[in-house]
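Me: I should like to go through this structure and ask, for each label, what justifies it. Please set each value against its definition.

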Amino acid sequence: MQTSGYSLLLPTGMLEYFEITEVKENGNSVDIYLTELNIIPSEYKNDKLQSKGFYEEITINDFPIRGKRLLLHIKRRKWLNESTGDIVNRDWELVAKGTRMTQDFASFLKGYLR
């Protein structure tokens, strides 16, 4: 299925950090599956990070479209900081300050992805 047109339904800046991996249209919903890209968070640019897969997928209800529910299925990436042994992830508040992503969207992700 072609996924490029569905990017218009996503919050501004979403595709800077996520890719659409799948879209399913059901009778009453549109499900967009998003996977975080393997882009090292800027706050860890001086550390050696190793991708360690993803957190469990979460599903967020977004604004309905044409009478159908819009569901975003999000997989966030996690990294191992080899210097400290800690598992780290992207800080969405910092992302909003340093990119075109809106603060509202970053707060949305931060609140729902915990």
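The exchange below takes up the charged pairs, the core, the strands and some individual residues.

Me: What kind of model is this, and how are its residues numbered?

Reply: This is a predicted model, in which local features need pLDDT of at least 70 and side-chain atom pairs count only at pLDDT 80 or more, while totals for chains, interfaces and linings use all residues. Residues are numbered from 1 along each chain as its sequence is written, and side-chain values use heavy atoms, with hydrogens and water left out.

Me: Why is the pair of Lys24 and Glu22 called a salt bridge?

Reply: A salt bridge is a side-chain nitrogen of Lys or Arg within 4 Å of a carboxyl oxygen of Asp or Glu. The closest N and O atoms of Lys24 and Glu22 are 3.8 Å apart, so the pair meets that definition. In general, side chains of opposite charge can pair when their charged atoms come close. The structure holds 2 salt bridges.

Me: What makes Lys24 and Glu22 count as partly exposed?

Reply: Buried means under 20% relative accessible area and exposed means over 50%, with partly exposed in between (1.4 Å probe, protein chains only). Lys24 has a relative accessible area of 37% and Glu22 has 35%, so both values fall in the partly exposed range.

Me: Which parts of the chain does the salt bridge of Glu36 and Arg90 tie together?

Reply: The closest N and O atoms of Glu36 and Arg90 are 3.0 Å apart. Glu36 lies in strand β2 (residues 29–36) and Arg90 in the loop between β7 (87–88) and α1 (92–98), so the pair ties together parts that are 54 residues apart in sequence. The names of these elements follow DSSP: helices are H or I runs of at least four residues and strands are E runs of at least two, numbered from the N terminus. Glu36 and Arg90 are both buried.

Me: Why does Arg76 have no salt bridge with Glu36?

Reply: Arg76 is buried, and the nearest side chain of opposite charge, Glu36, is 4.4 Å away, so the pair does not meet the salt-bridge definition. For charge, Lys and Arg count as positive and Asp and Glu as negative, while His and the chain ends are not counted.

Me: What polar contacts does the side chain of Arg76 make?

Reply: A polar contact is a pair of N or O atoms within 3.5 Å; within protein, one must be able to donate a hydrogen and the other to accept it, and residues adjacent in sequence count only if both atoms are side-chain atoms. The side chain of Arg76 contacts that of Asn89 at 3.2 Å, and also reaches the backbone oxygen of Arg90 at 3.4 Å. Arg76 itself lies in the loop between β5 and β6 (77–81).

Me: Is Ser29 buried or exposed, and what surrounds it?

Reply: Ser29 has a relative accessible area of 5%, so it is buried. Its side chain makes a polar contact of 2.9 Å with that of Asp31. Leaving aside neighbours within four places in sequence, Ser29 is in contact (heavy atoms within 4.5 Å) with Lys24, Lys68, Arg69 and Leu71.

Me: What makes a group of residues a nonpolar core, and which elements supply this one?

Reply: A nonpolar core is a set of buried Ala, Val, Leu, Ile, Met, Phe, Trp, Tyr and Cys residues joined through side-chain atoms within 4.5 Å. The largest one has 15 residues, and those touching the most other members include Leu10, Phe18, Ile32 and Leu72. The elements that give two or more residues to this core are β1 (18–25), β2 and β5 (68–75).

Me: How do you know that β5 pairs with β2 and with β4?

Reply: Two strands pair if DSSP finds at least two bridges between them. As 7 bridges join β2 to β5 in parallel and 6 join β4 (residues 58–65) to β5 in the antiparallel sense, both meet the definition. Tyr33 has His73 as its bridge partner in β5, and Ile60 stands opposite Leu72.

Me: What is notable about Arg66?

Reply: Arg66 has a positive phi of about 50 degrees although it is not a glycine. It is found in the loop between β4 and β5. Its relative accessibility is 83%, so Arg66 counts as exposed.
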